[in-house]
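I opened my notebook to look up how the parts of this model meet. My entries follow the display.

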Amino acid sequence: MHSARVEKFYYLMKLGREFELAAKEQYMQGNIAGFLHLDIGQEACSVGAMQAFDKGDVFTHYREHVLALARGMDPKLVMAELFGKVTGVSKGKGGSMHLFDPDLDFYGGDAIVAGHLPIAVGCAYARKIQGEKAGVFAIFGDGASNAGAFFESINIAAAWKLPLIFFCENNYYAIGTRIGWVSPFEELYHKARNYMPAKRIDGMDVCEVYKAVTEAKEYIENGLGPYFIEAETYRYEGHSMSDNGKYRSEEEMEIFKSRDPIENLKNKAIAQGLVAPEYFDEADKKVQKVIEEAIAFAASSPEPPLSELYEDVYCKECTNVIP
Amino acid sequence: MLYREALNRAIDEMMAADESIVILGEDVGRYGGSYRVSEGLFAKYGPKRVIDTPIAELSIVGNAIGMAIAGLRPIAEIMTINFSLLAMDQIVNHAAKFRYMSGGKMTIPLTIRMPGGVSRQLAAQHSESYETLYSAIPGLIVLAASNATYAYYGLKAAIALNDPVVFLEHELLYPLEMEFKEVDTFDPFKAEIVKVGKDLTIITYLKMRYDVLEAVPKIEDELGISIEVIDLNSLRPLDMKTIAASVQKTKRVVLVEEDHKTGGYGAEVIAKISEELFYSLDAPPLRIAGEDVPIPYNRTLELASIPTPDKIAQKIIQWGRKNGL
Ligand SMILES: Cc1ncc(C[n+]2csc(CCOP(=O)(O)OP(=O)(O)O)c2C)c(N)n1
Ligand SMILES: [Mg+2]
C-alpha cells in the first residue's frame with residue numbers, strides 16, 4: 001500500500017470518527033434531533049470502499065455520514081443538514097438519514113431498510129445499456145440481507161449480469177436483533193454465493209476493504225455481472241441515539257474495539273515505516289479544525305424559510321400547474 | 001397508566017388467557033419492542049409465542065395470516081406505519097379478502113399494530129399517517145387508540161375479533177402518563193364524546209385529540225361558544241350515529257386530522273356528513289389537516305406541516321367569524 005493512500009485512509013477515517021463524536025455531542029446539546037445513527041467503529045467500510053469505488057453511483061442506507069464524507073461531501077454541508085439548516089446538503093429537509101448529492105452520484109440515505117437495493121439494480125441496468133463502465137455500489141446492513149428486496153435484487157442483478165457491487169456491513173445486529181436469531185447463518189456471503197462471486201472480509205481493516213472493493217470494481221467493469229462483499233464490522237454505539245446498545249456483551253465489544261480500524265492502521269503504518277509518526281498529529285489537528293468549522297458553519301447557518309415547506313414537492317414546471 | 005403500559009397489559013392478559021395468541025415482529029421479543037410495548041412478554045411466554053422476526057414486513061403479515069388460518073390468533077407488530085407499505089399486499093389482497101373470496105368460509109383473526117404519525121424530526125420516511133389507505137379497504141377494521149383506556153380495551157377487543165384489524169397507535173403517546181378508566185362494557189366501534197358542547201362539533205382521533213383539547217378553551221373564549229369534541233376511536237367502521245347526534249345538535253362541524261389533507265381520512269368523514277347531514281348544517285364544514293407535503297426534518301418546517309393547537313385555534317376562530325359564530 002502506498003503511504004499517500006494510507007495517509008488518506010487515516011485522515012478520512014479520523015474525520016469520520018470525529019464527525020460522529022461531534023454529531024453525538026451536538027445531539028445531546030439539542031442541536032440535532034430525530035434518528036441519528038452513528039458509524040463509529042465501522043469507518044473502515046465506508047472509507048475503504050469509497051476510496052476504491054471512486055467513480056460510479058452510490059446507494060446507501062441511513063447510517064451514511066462517513067460514507068458521504070468519504071465520497072467527498074463537504075463536512076460543513078453534512079453537519080448543516082444534521083442541524084436542519086437550509087445550507088445542508090438536503091436543505092434541512094432530509095436530516096441525518098437522507099444525505100443526497102447527485103453531483104457526487106450519491107443517492108441516499110434511504111431509511112426504508114433494503115428499499116434502496118432494487119433502485120440500485122435499476123440504476124445498474126441503465127448504466128449497462130448506457131455503456132457506462134463505472135457501475136453501481138450499494139451498501140446495506142446484515143438486517144437488510146433478510147428482506148425480500150435483497151433477495152429479489154441479487155437475483156435480478158445476477159440474471160441480467162449487472163455492474164453492481166453489493167456491500168453488506170455485517171455488524172451482527174439490526175437494532176436489538178442478532179443476525180443469527182433470524183438468519184440460518186451469520187456469515188452472510190452464503191446468501192449470494194450461488195448468484196455471483198461472494199466474499200467475506202475483515203471490515204475493520206481499511207486496506208482489506210480497499211482491496212476487496214478494487215477487485216469487485218474490476219470485475220463489474222469487465223461486464224462479468226454483480227459482486228458481493230460481506231464486511232465483518234461492529235458499531236460501538238447503540239443503533240441510534242435512542243438505543244443504548246446494552247443487549248450486546250462487553251466482551252464482544254472489547255474484541256472489536258481491539259480491532260479498531262483507526263488505531264490499528266496507525267500502529268501498523270508506523271511499525272512498517274510507511275508513514276511518519278508526525279503525520280498523525282498533523283492529521284488529527286486538521287480534522288479538529290475541519291470539524292470545528294463544520295459546527296460553526298452549521299450553527300451560524302439560517303433556518304429554512306417557511307416558504308420552503310412547499311418547495312421541492314414537484315419540479316418547478318409542475319409547481320406552476322399544481323395548485 | 002402509561003399508554004404503552006395499557007397496550008402491554010392488554011396483550012399480556014389476552015396471552016395469559018388464550019394460548020393461541022402469539023405476537024410477532026421486529027425486535028418484539030428479547031428487545032421488548034422498539035417502543036417497549038412487548039416488554040417482559042418474551043420472558044413470560046417464550047420464543048414460541050413471542051417471535052422475533054427478520055426485517056421482512058411482507059412476511060410478518062403473510063406469516064401471521066398463515067398462522068391465523070391454522071388456528072392461532074396472531075398479533076403482528078409493524079415497527080412504524082411507513083414499513084407497513086411493504087406488507088400492504090398481504091394486508092389488502094390477502095387478509096382483507098379471504099373471507100369474502102371464500103364465500104365466508106375463511107376467517108382471519110389477525111391484529112396488526114402500527115405506530116405512526118409525526119413524531120419528532122424523523123423526516124419523510126418515518127412520519128406518516130396512512131389511516132386513509134387502510135380505511136378504504138373493505139374487509140379491514142381500522143381502530144385508532146388515542147388514550148390508555150381505549151388502548152387497553154380496544155386492543156383486547158381487536159385481538160378477540162374474528163377479522164383482520166389494523167390497530168393504529170401514535171408514536172408520541174407511548175411514554176405519556178394517562179388517566180385510565182375502568183369500564184364494565186366496551187364497544188370498540190363507538191366514538192367517544194370527550195367534551196360536551198352545543199355550538200360546534202370538532203371531530204378528531206389519535207394524537208390530534210390532545211391538540212384539539214388544548215385549542216378548545218381559547219376558541220370558546222374568543223367566539224363565546226361551547227364546543228363538543230368527538231374522538232372517533234374506530235375509523236372503519238365509522239360511528240355515524242354519534243356524529244349525527246352531535247352535528248344535529250351543534251349544526252357546525254370541524255374535522256382535525258394529522259394526515260395529508262388531500263385524500264386524507266377526514267375527507268371521507270366530511271363527505272359522509274355532507275351526504276347525510278347536509279340540511280342540519282349552518283356552516284360549511286372545515287377540515288384542518290396536515291399539509292400536502294412529505295414531512296420535513298427541520299423542526300420549524302415539521303411543525304408547519306401539521307396542525308398544532310395554535311393553528312387549530314386560529315383557523316377555527318377565523319372560520320367561525322366568517323360563519324356567524
Ligand atoms: C422496511 C423497514 N423495516 C424496519 C425498519 C426499522 N429499522 C431501521 S434500521 C433497522 C435495523 C437495520 O439493521 P441493519 O440492516 O443490520 O443495519 P445497521 O443499522 O446495523 O447498520 C430497522 C429494523 C425500517 N427502517 N425499514
Ligand atoms: Mg446491522
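I started at the ligand: an oxygen atom of ligand 1 is 2.9 Å from a polar backbone atom of A:Tyr173. I count that as a polar contact (a pair of N or O atoms within 3.5 Å; within protein, one must be able to donate a hydrogen and the other to accept it, and residues adjacent in sequence count only if both atoms are side-chain atoms). An oxygen atom of ligand 1 also lies 2.9 Å from a side-chain N or O atom of A:Asp142. On chain B, I found a side-chain N or O atom of B:Glu57 2.5 Å from a nitrogen atom of the ligand.

I noted that this is a predicted model, where local features need pLDDT of at least 70, side-chain atom pairs count only at pLDDT 80 or more, and totals for chains, interfaces and linings use all residues. Side-chain values use heavy atoms, without hydrogens and water.

Next I looked up the shell. Ligand 1 is surrounded by 22 residues (a heavy atom within 4 Å). A:Tyr62, A:Arg63 and A:Ala111 are among the closest. Both chains A and B supply residues around ligand 1, so the site is shared between chains.

Then I turned to the chain contact (heavy atoms within 4.5 Å). Chain A gives 38 residues and chain B gives 29. I found zero salt bridges across the interface of chains A and B, by the rule of a side-chain nitrogen of Lys or Arg within 4 Å of a carboxyl oxygen of Asp or Glu. The interface does have 14 residue pairs in polar contact, both at pLDDT 80 or more.

Key
Residues numbered from 1 in each chain as written. Chains lettered and ligands numbered in written order.
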